[in-house]
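Open the model in your viewer and keep the selection box handy. We will walk from one stop to the next, picking residues as we go.

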Amino acid sequence: MRRSALFGLLTLTFGLWAAPSFAQGKLTLYCSSDEAWCQQAKTEFEKKTGIAVDMTRKSSGETYAQIKAESSNPKGDIWWGGTGDPHLQAAEEGLTQAYVSPMRDQLYDWANRQAAASKDRTVGIYSGALGYGYNEELLKKQGLPVPSCWKDLIKPEYKGKVQVANPNSSGTSYTMLATLVQMFGEKEAFDYMKALHANINQYTKSGSAPIKAAGAGETVIGIVFVHDAVAVAEAGFPIISVSPCEGTGYEIGSMSIVKGARNVDNAKKFYEFALSADFQNLAKNVKSFQVPSNKAAKSSPKAPDLAKIKLINYDFVKYGSAAERRRLLKKWDDEIGALPR
């Protein structure tokens, strides 16, 4: 009996000692970048630190919704990648926590502006312009004209030929929604999206899915970030990327530490790792062609040159605010998503 009681006491004591040590060796990563890049981040961080990473890949809108739903009992530690607007909304709603990296002086101004807009609750990790891509072989086979502008996509000859994500789940598609409103004005933008709806064959969950579908020959045109179109082309598919003639918006892919993170020290370690030039240089190895935020990191020569794209002065503060996002998404649901198909 005494031996049994002693064994039980030792087991309990060891468990109390071991639990914090075990917790220090883990990280729960929510990733909203492309699947291959998410896997690379997990693998490289584990290799560098020995910290075990539990990674979940979801789109930006889905990840924001998950973090919000878990806010009373956070499961995630850090949210890496995806468009900056939902990161800014999460910051405003107190779902993420402030952290100032000692590497901030190594980042481009646009990355630090994202941090300033969020009161240091998020930071820019990459940038990329919005546009679309088309399957050149399908286009020729179906005798369709080559599109070069946003307004080309609402022409009747493209009926059923265009695919885009749902802005409720996809940061890419929300960026498109906010871009059109800023470029054309709200009334004309929603009139445009109603006309575009007639040509849409599917609203996907993920922002990059439309161009993958175009690569597979399931649709002719996919509205995505231009770097995603380049990635599919580099994978060997007949995709031509387009930066629309009227101009376009862009994303600042971001990173945020979840408020109440269970493994906050490891989240900060990942934060520093993800901002390093060494890690950002690896993106091109998994066909990710965004512009990195660290000035010392080198973009792939295949990456779109943002200096050659007509970019609008995208208002990240306004369109990343909780009230404006909720208002625009509800209006999209009421006026576009509710339309018959």
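Start by selecting helix α8 (residues 186-197) together with helix α14 (residues 322-337): their axes run 11 Å apart and the two pack at an angle of about 45 degrees. Axes here are lines fitted to C-alpha atoms, for helices over the stretch in contact, with angles from 0 to 180 degrees between N-to-C directions. Helices and strands are DSSP runs numbered from the N terminus, helices being H or I with at least four residues and strands E with at least two.

The packing angle makes α8 oblique to α14; angles under 35 degrees count as roughly parallel, over 145 as roughly antiparallel, 65 to 115 as roughly perpendicular and the rest as oblique. Look along the pair and you will find that α8 passes α14 in a right-handed crossing. A crossing is right-handed if the near helix is turned clockwise from the far one by less than a right angle, and left-handed if anticlockwise.

Before moving on, a word on what you are looking at: this is a predicted model, where local features need pLDDT of at least 70 and side-chain atom pairs count only at pLDDT 80 or more, while totals for chains, interfaces and linings use all residues. Residues are numbered from 1 along each chain as its sequence is written, and side-chain values use heavy atoms, with hydrogens and water left out.

**Stay on helix α14**

Select Trp332, which sits in helix α14. Is Trp332 buried or exposed? Its relative accessibility is 5%, so Trp332 counts as buried. Buried means under 20% relative accessible area, exposed over 50% and partly exposed in between, with a 1.4 Å probe and protein chains only. Add Ala116 and draw a distance: the C-alpha atoms of Trp332 and Ala116 are separated by 29 Å, with their positions 216 residues apart along the chain.

Next, pick Lys331 and Phe190: the lysine lies over the face of the ring, 4.7 Å from its centre. A charge sits over a ring if NZ of Lys or CZ of Arg is within 6 Å of the ring centre and within 35 degrees of the ring normal. Arg325 does likewise over the face of Tyr174, at 4.4 Å from the ring centre.

**Aromatic pairs**

Now colour the aromatic rings. How many aromatic pairs does a search of the whole structure find? It finds 17. Rings of Phe, Tyr and Trp (its six-membered ring) pair if their centres lie within 6.5 Å; planes under 30 degrees apart count as stacked, over 60 as edge-to-face and the rest as tilted.

Zoom to Trp37 and Tyr126, whose ring centres are 5.3 Å apart with planes at 35 degrees, so the pair is tilted. Trp37 belongs to helix α2 (residues 35-49) and Tyr126 to strand β5 (residues 123-135), so this pair ties together parts that are 89 residues apart in sequence. Both Trp37 and Tyr126 are buried. Extend the selection to Phe45, Trp80, Phe270, Phe273 and Phe279, and you have the cluster that ring pairs link together with Trp37 and Tyr126.

Another tilted pair is Phe184 with Tyr192, at 6.1 Å centre to centre and 50 degrees between the planes. Phe184 and Tyr192 are both buried.

**Disulfides**

Show the cysteines next. The structure holds 2 disulfides, a disulfide being a pair of cysteine sulfur atoms within 2.5 Å. In one, Cys31 and Cys38 have their sulfur atoms 2.0 Å apart, and the link is left-handed at -85 degrees about the S-S bond. Both of these cysteines, Cys31 and Cys38, are buried.

The other joins Cys149 and Cys245, with sulfur atoms 1.9 Å apart; at 120 degrees about the S-S bond, this link is right-handed. It connects distant parts of the chain, 96 residues apart: Cys149 is in the loop between α6 (136-141) and β6 (162-165), and Cys245 in the loop between β9 (239-242) and β10 (250-258). Cys149 is buried, with a relative accessible area of 14%, whereas Cys245 counts as partly exposed at 42% relative accessibility.

**Last stops**

Select helix α4 (residues 84-92), where 8 of 9 residues are buried. Following α4 comes Gly94, with a positive phi near 75 degrees.

Finish at Asp120, a residue other than glycine with a positive phi, near 70 degrees. Asp120 sits in the loop between α5 (109-117) and β5 and is partly exposed, with a relative accessible area of 22%.
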